[in-house]
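Please open the model in your viewer and keep the selection panel at hand. The tour below moves from one selection to the next and says what is there at each stop.

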Amino acid sequence: MAALLEIKGLSAWYGQIRALFDLDLTIEQGGVTALLGANGAGKTTSLRGICNMIRRAGTTIMDGTDISRRTTEDIVRMGVAHVPEGRGTFVALTVEENLRLAFHIRRDRKAAERDMEKVFTYFPRLKERIHQQAGTLSGGEQQMLAVARALMLAPRLMLLDEPSFGLAPLIVQEIFRILRRINEEEKVSMLIVEQNAALALELADHVYLLETGRVVMSGPSEMVKNDETLRKAYLGY
Amino acid sequence: MDFFIQQIAAGLTNGAIYACVALGLVMIYVSTDHINFAQGEMAMFATYLAWAMIDAGVSYWVAFGATILIAFASGLFIQRVILKPLETAPVLALVVCFIALLSIFNALAGMIWSFTIKQFPSPFPQRDVFGNGLVSVQQIGVVTVTLLMLCLLTVFFRFTTLGLAMRAAAQNATSARLMGVRVSWMLALGWGLASAIGAIAGMLVAPIVFLDPNMMTGILVYGFAGALVGGIANPLGAVAGGFIVGVLENLVGSYIIGNELKLSFALIMVVGVLLLKPAGIFGRVIVKRV
């Protein structure tokens, strides 16, 4: 497998405060990589750094192209879809408008229409609510909408920021099942940030452990799953 | 009764113009949370351009179209060159910037075209529609142009992806960026549209109040009142608000308080609405579940 995204020496700051220290990270083509760690470890910051949403330094290479200095919009247009913390719903737009927004940057209208149909096969619930104001959706539905919106961009890489946050266990399981299908059927690579380590380890094939803005360990998820000391020390289970 | 109908017609005509101004204000407010104080002066300046063109022998509708295009381009230019560097500046810096724009346009117009009042041609004849002195073609024309523009804008914002992208950028800039929308350019487009709408308002009002560099000062206040009464975050509400302010202002002025106090009545309406229903009469309260 070739690397889709290669990150070297990624650092990031919130004002004067440095939140990330020289992060090195590689995402394989077609793979699912998980970024685990406690609160404040720098997981969300890493995703924001990749998308140039904060002050950052270091290089990001996407499929051979240096995207370190591109704007967020351009990075998205290159095929990196970020499902943000808090879901980023356009609350006053309808569900359909939330999804159709992707048509703004899609040049292939026909393919985009097909993607819209496909999105509804993954998330039939969104189709039922298609004309509803997105702000009236439940938390789980809004998370589905956020993933669906990202999928509408026909991405090569999806950055998922805590898709399980604040949701009931059954909904979380449903969403993770769909994420797996998207990864397998659409060949979308994923970088997923999670507090729920057990869940992320199920989905991911590679894991990075973060602590206070530094990578403390990385390896195949099987290895982390089977290493009790590691789990106890960093993942709390 | 005739007098009453005349007042309603005149009120609707004024209201149409206030509605345009209100719409221009809302266009910028929804995407940036700022009130563009220079909206009126930009409109006045555009009207002078139209006047200069017509004076040079260009036909009315050609000058009308050209002015709208120029106004759109200058709105875009102002956002790109003057306001973009101030994107992260505190609100007060922007207020100063808007006031500077206001006085620059005002002084510039006076410098180029002098402060004497000029007559501005109307494309609509002054004669009556029904021959009984109640409603003039001019009045119908002004209202029609406003409604037509409103329809075009509605179609643009509801049925085009660019319009959708602009709405998304106004609502949630971060999220819009993550959908690949170039938010800063959407703001610039908003400025362009607001400026073009303002130019239309200026050209519609100029035949009624005559053209001079201070032509839009009062109208901006009425437009602002219209926007607040209808709901500053809701374009359709702002238009409705413009018409409401226009009609009420005229009726109250003619029957109750006299023309001198009309402007204060507009301000009383603003205060009243803000006290009783801060989102405006048609202000939509957005349902949000977390």
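Two strands are taken to pair if DSSP finds at least two bridges between them. With that criterion in mind, and remembering that this is a predicted model, begin in chain A by selecting strand β1 (residues 3-14) and strand β4 (residues 55-62), which pair in the antiparallel sense over seven bridges. A convenient place to centre the view is Leu5(A), whose bridge partner in β4(A) is Met62(A).

Next, widen the selection to the open sheet of four strands to which these belong, with antiparallel pairing and the order β2-β1-β4-β5 in chain A. The edge strands are β2 (17-28) and β5 (65-66) of chain A, each of which pairs on one side only. Add helix α1 (residues 43-50) of chain A, which packs on the sheet and touches β1, β2 and β4 of chain A, while its direction makes about 110° with that of β1(A).

Staying in chain A, move to strand β6 (residues 80-83). Which way do its residues point? Val80(A) and His82(A) point one way from β6(A), whereas Ala81(A) and Val83(A) point the other way, and all are buried. In a regular strand the side chains alternate between the two faces of the sheet. Now select strand β7 (residues 157-161) of chain A as well, and you will find that β6(A) and β7(A) pair in the parallel sense over four bridges. Here Val83(A) stands opposite Leu160(A) in β7(A).

The next stop is the contact between the chains, which takes 24 residues from chain A and 20 residues from chain B. On the side of chain A that touches chain B, the elements that give two or more residues are α2 (72-77) and α3 (95-100) of chain A, and the largest share, four residues, comes from α2(A). If you colour this side of chain A by residue class, it shows 11 nonpolar, eight polar and five charged residues.

Now display chain B on its own, which has 11 helices and zero strands. Its C-alpha atoms fill a box of roughly 60 × 45 × 35 Å, taken along the principal axes. A compact globule with 290 residues would have a radius of gyration near 19 Å, and chain B has 19 Å, which agrees. Buried residues make up 47% of the 290 residues in chain B, and, of its contacts with a separation of 6 or more, 73% are accounted for by residues 24 or more positions apart.

Within chain B, select helix α2 (residues 39-55) and helix α8 (residues 183-209), whose axes come within 7 Å and cross at roughly 65°. The crossing in which α2(B) passes α8(B) is right-handed. Among the residues that meet there are Met42(B), Ala46(B) and Ala50(B) from α2(B), together with Ala194(B), Gly198(B) and Met203(B) from α8(B). By class, this contact of α2(B) with α8(B) has 10 nonpolar, five polar and no charged residues.

Finally, keep α8(B) selected and add helix α3 (residues 60-83) of chain B, noting that the axes of α3(B) and α8(B) come within 7 Å and cross at roughly 140°. The crossing of α3(B) and α8(B) is right-handed. The residues that meet include Phe64(B), Ile68(B) and Phe72(B) in α3(B), and Leu187(B), Trp191(B) and Ile200(B) in α8(B). How many charged residues does the contact of α3(B) with α8(B) have? By class, the contact of α3(B) with α8(B) has 16 nonpolar, seven polar and one charged residues.

Terms used. Residues are numbered from 1 along each chain as its sequence is written. Chains are lettered from A and ligands numbered from 1 in the order in which they are written. This is a predicted model: local features need pLDDT of at least 70, side-chain atom pairs count only at pLDDT 80 or more; totals for chains, interfaces and linings use all residues. Two residues are in contact if their C-beta atoms, placed from the backbone, lie within 7 Å. Ala, Val, Leu, Ile, Met, Phe, Trp, Tyr, Cys and Pro count as nonpolar, Asp, Glu, Lys and Arg as charged, and the others, Gly among them, as polar. Axes are lines fitted to C-alpha atoms, for helices over the stretch in contact, and angles run from 0 to 180 degrees between N-to-C directions. A crossing is left-handed if the near helix is turned anticlockwise from the far one by less than a right angle, and right-handed if clockwise. A residue is buried if 20 or more other C-beta atoms lie within 10 Å of its own, exposed if 12 or fewer, and partly exposed in between; C-beta atoms are placed from the backbone. The radius of gyration is taken over C-alpha atoms; the globule rule is 2.2 Å times the number of residues to the power 0.38.
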